[in-house]
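Colleague: I have a model open and want to learn how to read it. Can you take me through it feature by feature?

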Amino acid sequence: MKEYKVVDTKKHLVEGVMNEMAQQGWEVVSTTYYHGGWSPVIMITFVREK
């Protein structure tokens with residue numbers, strides 16, 4: 001069985017968030033860029049075996 005997690009982060013923090021999640025066994029499934037109010041946001045979807 002797989003589990004999924006969605007994380008919103010600021011553009012300048014994306015790499016750190018992805019590295020931190022990878023250390024916990026998560027893999028990136030997709031990324032989406034959008035404007036959350038006044039600042040751009042990256043939404044990252046992760047997956048791992050449960």
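**Core, helix and sheet**

Modeller: Start with the core. This is a predicted model. Its largest nonpolar core has eight residues: Val7, Val14, Val17, Met21, Trp26, Ile42, Ile44 and Phe46. Two or more of these residues come from each of helix 1 and strand 3.

Colleague: What is the general idea behind looking for such a set?

Modeller: In soluble globular proteins, nonpolar side chains tend to be buried together. Here, the set includes Val14, Val17 and Met21.

Colleague: Which residues of helix 1 are buried?

Modeller: Helix 1 spans residues 14-23, and Val14, Val17 and Met21 are buried in it. They lie on the same side of the helix, because they cover an arc of only 65 degrees around its axis.

Colleague: Why do residues three or four places apart point the same way?

Modeller: An α-helix has 3.6 residues a turn, so that spacing brings side chains round to the same direction. Now turn helix 1 over. Glu15 and Gln23 are exposed on the other side.

Colleague: What covers the buried residues of helix 1?

Modeller: The cover includes strand 1 (2-10) and strand 3 (39-49). Helix 1 lies across strand 1, strand 2 and strand 3. To strand 3, helix 1 runs at about 10 degrees.

Colleague: Take single residues. What is valine 17 in contact with, beyond its neighbours within four places in sequence?

Modeller: Valine 17 is in contact with Val7, Thr9, Ile44 and Phe46 once those neighbours are left aside. Look at its pair with isoleucine 44. They are 27 residues apart in sequence, but 9.2 Å apart in space, C-alpha to C-alpha. Valine 14, with neighbours within four places again left aside, is in contact with Thr9, Ile42 and Ile44.

Colleague: Next, the sheet. What is the order of the strands?

Modeller: The open sheet has three strands in the order 1-3-2, with antiparallel pairing. Strand 1 and strand 2 (27-36) each have a single partner strand and stand at the edges, so one side of each is left without a neighbour in the sheet. On average, neighbouring strands of this sheet are turned by 20 degrees against each other, direction ignored.

Colleague: How many bridges join strand 1 and strand 3?

Modeller: Nine bridges, in the antiparallel sense. Follow the register residue by residue. Threonine 9 stands opposite isoleucine 42 in strand 3. Lysine 10 has valine 41 of strand 3 as its bridge partner. Strand 2 and strand 3 also pair in the antiparallel sense, over nine bridges. There, valine 28 stands opposite phenylalanine 46 in strand 3.

Colleague: Is threonine 45 buried or exposed?

Modeller: Use the cut-off: buried means under 20% relative accessible area. Threonine 45 counts as buried because its relative accessibility is 16%. This residue is found in strand 3. Not counting residues up to four places away in sequence, threonine 45 touches Tyr4, Lys5, Val6, Glu27, Val28, Val29 and Ser30.

Colleague: Last, the backbone. Where does glycine 25 take a positive phi?

Modeller: Just after helix 1, at about 95 degrees. Then check the hairpin of strand 2 and strand 3, which has two residues between the strands. In that hairpin, glycine 37 takes a positive phi near 80 degrees.

Terms used
Residues numbered from 1 in each chain as written. Predicted model: local features only at pLDDT ≥ 70, side-chain atom pairs only at ≥ 80, totals over all residues. Heavy atoms only, no water. Buried < 20%, exposed > 50% of the residue type's maximum accessible area, 1.4 Å probe, protein only. Helix = DSSP H or I, 4+ residues; strand = E, 2+ residues; numbered from the N terminus. Arc of directions from axis to C-beta. Contact = heavy atoms within 4.5 Å. Pairing = 2+ DSSP bridges. Axes fitted to C-alpha atoms, helices over the stretch in contact; angles between N-to-C directions. Core = buried A, V, L, I, M, F, W, Y, C linked by side-chain atoms within 4.5 Å.
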